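Q: Please take a close look at one part of this model, residue by residue. Then follow it outward and set it against the rest of the chain.

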Amino acid sequence: MNTVSPVFAAEWDKVSNHQPPAAYAANGINTYSRGQYEDFFINYNGDQLGTDGAVFVGSLYPVDVFDKYVGAHESFGYAAVSQNNLNSPYYASDKAKIEDFLQGFQVPYDTGTGYYLVSMDFIDQQSYPVQVGNQTYWVRGAWPLSSAIRDLPLDVTVQDIPGEQVRAWNYSPDLGQEEIDCAKNDGSGFEGQSYYVKEMGSGSTPSLWQKARVFVGDPKGPTNLTQKEAAALMANNIGRGAGDGQSTAPGYPTQWYPEKTWRGQCGVSFPYNIFVTGVQKISDNGDSADYDWSVVNQTPLWLNNITVRVYTRGKTTGTWNLVQIYQNIDIPPAKRGGGLLRDPQSKDVIVTAAGMWSIAQPKVYAHVPKPSEDYDVIVTANVNLNIQGGHLSFPSAVIDYGMRGAYAAGRAGNAPPGLPPGETKEMWDRASSILGKSLPQGYNDNIDRASDTGAPPPGGGGGGGGGGEPPVLPGNLAVTRVEYDGSRITGYFRSTFPVGGKVNIRFYKQDKNGNISYVAGVMDRLIEPNGDFVESIPAFNLTNYIIIASIDYSYSGGTWQKEQYRRNDGTSQEETTYEDNKALTGKDEEPPKPPEKSFTIDKATGYYWPVKWEKTPRYRTEKRRVWQDDWQEVPVNFAPEPKIRVRLRPDGDNWEQLPDGRWVQR
């Protein structure tokens, strides 16, 4: 009898070649089993979403899988991405994007083994409370998860073979002992074969052996298997029942058992969205109030180029006013474990972490001059309500689509693939309750409001006009008044240009000798067309000065320099007049001069400015004693115990002590 032993060039991988990450081993997942094909994706449309509507990032083959075995059967497995997977894959699609994905989305990293831990069974997916102002939101993390997808065909064939042909091979019939040989175990899948006794003849002579073959033909099938994993796959499938009775060779009946095996998907899902909340009054001096606001970043990305606008709306007249604009705000994401991944670049906001989210608030509260009627303070993020002459111009509200997201960790600043051009989701339709109309989808939570009672119309208040605010000529910028209350300078401005643009606002101080010096300014401020706006800055110790506010009008070398209005359409334009481009506190001003007009001998145009005298209140700053809010603890040092000194004096009456200490009897 001639017998031939099989020759297998391939080898199974060894468990000892792969040390399990400590966090996996702590859960009993401590045995390397295989490598699997892994796809990576991002879903920007909301929380806990799958691949529908998601953006593909890339593929990596293989990533390592660790298992917990029960007898010969393995668990679903914990996936982990090693540096070797990244550096020497069998196949990789957009590997650099996958590395950005792992680092930028803060996938937990085991420094001892060099694994990124992407298993969904490992990453905490509970909901946690996030406190934003007075509201609590329950949020699950947007961290990446790997889920096992069991959809790849796994074929197991069992073939009857006469015992005499394979008798000399003497393989163990116990698959639990991992007696399975490796025919293929590389980047094209795997194949294993095993021979065992099915029936015993008389005298313990095998009358029938079986040859079992397990393999995956799909190019995304598992690879780099250990012998234990290959045996487990075979043992899980043999005995499930006969298949379709196919035969692979004449005279050798075969049973075929189709089954499935695993591949992996690693995805992160979150709403690409910000929302506005927490609009509330912080302080009120009667004529004006300071307001706080919050913009919440719901993403694990570093969001840039956010614009916040603060408006007032009169409840009786419906008159709108753009009060303040905060531009180029950036909001870094929260860091896993607490804090932020980086500091914001914007100097106008403070950003704090709130669980899985991060919140931007203004460093300087929005200073709101109070209208003479009850009013709303309305704050928007990336929504320009397009105020035209004090009125809301619907439906032409403009969305700022310039917000961009980037990774804040790893190669910080790289944008993830497929970033949406606009926001993807809102939590409520708050806009309709405030505006009476909805905004484009994704932006209806980008607005919030607070309400307050109005103040009497200002009657001068130390402003520049003394007789109210004069009208402003068309095609012009003007400072309508300026106020100083001892801690803030507030300038009131108006534009009659039909196109929005950029302006430079400056504040100066003038001493009693007429010397003018610069205090502060806001350069390149965006303004809306045909609107009023306010700019306010903190300033102290200026009560002995005249305060000057100017717009596109700079003081240098003893003269005032004109600047052209920079329109949003890219052109620059000279104003009709520059006589009203500044205003002062502390004295009455003459009205602006009329524009120069040409005239002929037979036709001329004259101008006059009606004026009337009114009693207007004036205010001054004085020093007063103000009790603080609470008792303050101070140290108290008690005097030491006095030392008692005994002096002797003569006995008897009429003794008197002299200044030199001597005693005499009188």
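A: D39 counts as buried, because its relative accessibility is 12% and the cut-off for buried is under 20%. The model is a predicted one. D39 sits in strand β1, which covers residues 31–43. Leaving aside residues up to four places away in sequence, D39 touches F56, G58, S59, K220, R263, G264, Q265 and C266.

One of these partners, S59, can be followed further. S59 belongs to strand β2. With a relative accessibility of 3%, S59 is also under the 20% limit and therefore counts as buried. Its contacts, again without residues up to four places away in sequence, are Y37, E38, D39, Y91, A92, S93 and I98. For the pair S59 and Y37, the C-alpha atoms are 7.4 Å apart, while the sequence separation is 22 residues.

Strand β2 runs over residues 55–67 and also holds P62. The peptide bond between Y61 and P62 is cis, with omega at about 0 degrees. Most peptide bonds are trans.

I98, a contact of S59, leads to helix α3. This helix spans residues 95–104, and its buried residues are I98, D100, F101, L102 and G104. An α-helix has 3.6 residues a turn, so residues three or four places apart point the same way. Just after α3, Q106 takes a positive phi of about 60 degrees.

Positive phi turns up elsewhere in the chain. Most residues other than glycine have a negative phi. N382, which is not a glycine, has a positive phi of about 60 degrees. N382 lies in the loop between β22 (375–381) and β23 (383–384). Its relative accessible area is 1%, and N382 is therefore buried. D524 is not a glycine either, and its phi is positive at about 55 degrees. D524 is placed in a strand, β32, made of residues 516–527. Its relative accessibility is 35%, which lies between the limits of 20% and 50%, so D524 counts as partly exposed.

N382 is also one of the residues that line a cavity. The structure has 2 cavities of 30 Å³ or more, and the second largest holds about 30 Å³ of space. The lining of that second largest cavity consists of Y272, N382, D400, Y401, M403, P421, G422, E423 and Y443.

The strand before the N382 loop, β22, has 7 residues, and 7 of them are buried. In a regular strand the side chains alternate between the two faces of the sheet. In β22, Y375, V377, V379 and A381 point one way, and D376, I378 and T380 point the other way; all are buried. β22 pairs with β17 (residues 302–314) in the antiparallel sense, over 7 bridges. In that pairing, T380 of β22 has R309 opposite. β22 also pairs with β28 (residues 447–452), antiparallel as well, over 6 bridges. There, R449 of β28 stands opposite I378.

Another group of strands is an open sheet of 3 strands. The order is β29-β30-β33, and the pairing is antiparallel. β29 (477–484) and β33 (532–538) are the edge strands; each has a single partner strand, so one side of each is left without a neighbour in the sheet. From one strand to the next, the twist averages 20 degrees. β30 (residues 488–495) and β33 are joined by 7 bridges in the antiparallel sense. Within that pair, R488 has P538 in β33 as its bridge partner.

Finally, the whole chain. Its secondary structure comes to 6 helices and 41 strands. The chain has 666 residues, and 45% of them are buried; D39, S59 and N382 count as buried. Among contacts between residues at least 6 apart in sequence, 67% join residues at least 24 apart. The accessible surface of the chain is about 34100 Å², with 48% belonging to carbon and sulfur atoms.

Key. Residues numbered from 1 in each chain as written. Predicted model: local features only at pLDDT ≥ 70, side-chain atom pairs only at ≥ 80, totals over all residues. Heavy atoms only, no water. Pairing = 2+ DSSP bridges. Helix = DSSP H or I, 4+ residues; strand = E, 2+ residues; numbered from the N terminus. Axes fitted to C-alpha atoms, helices over the stretch in contact; angles between N-to-C directions. Buried < 20%, exposed > 50% of the residue type's maximum accessible area, 1.4 Å probe, protein only. Contact = heavy atoms within 4.5 Å. Areas by Shrake-Rupley, 256 points an atom, 1.4 Å probe, with all protein chains shown as cover. 1 Å grid on protein atoms, 1.4 Å probe; cavity = no way out; pocket = protein on both sides within 12 Å on 5 of 7 lines; lining within 4 Å. Points joined across faces, edges and corners; volume = space filled by probe spheres on them.
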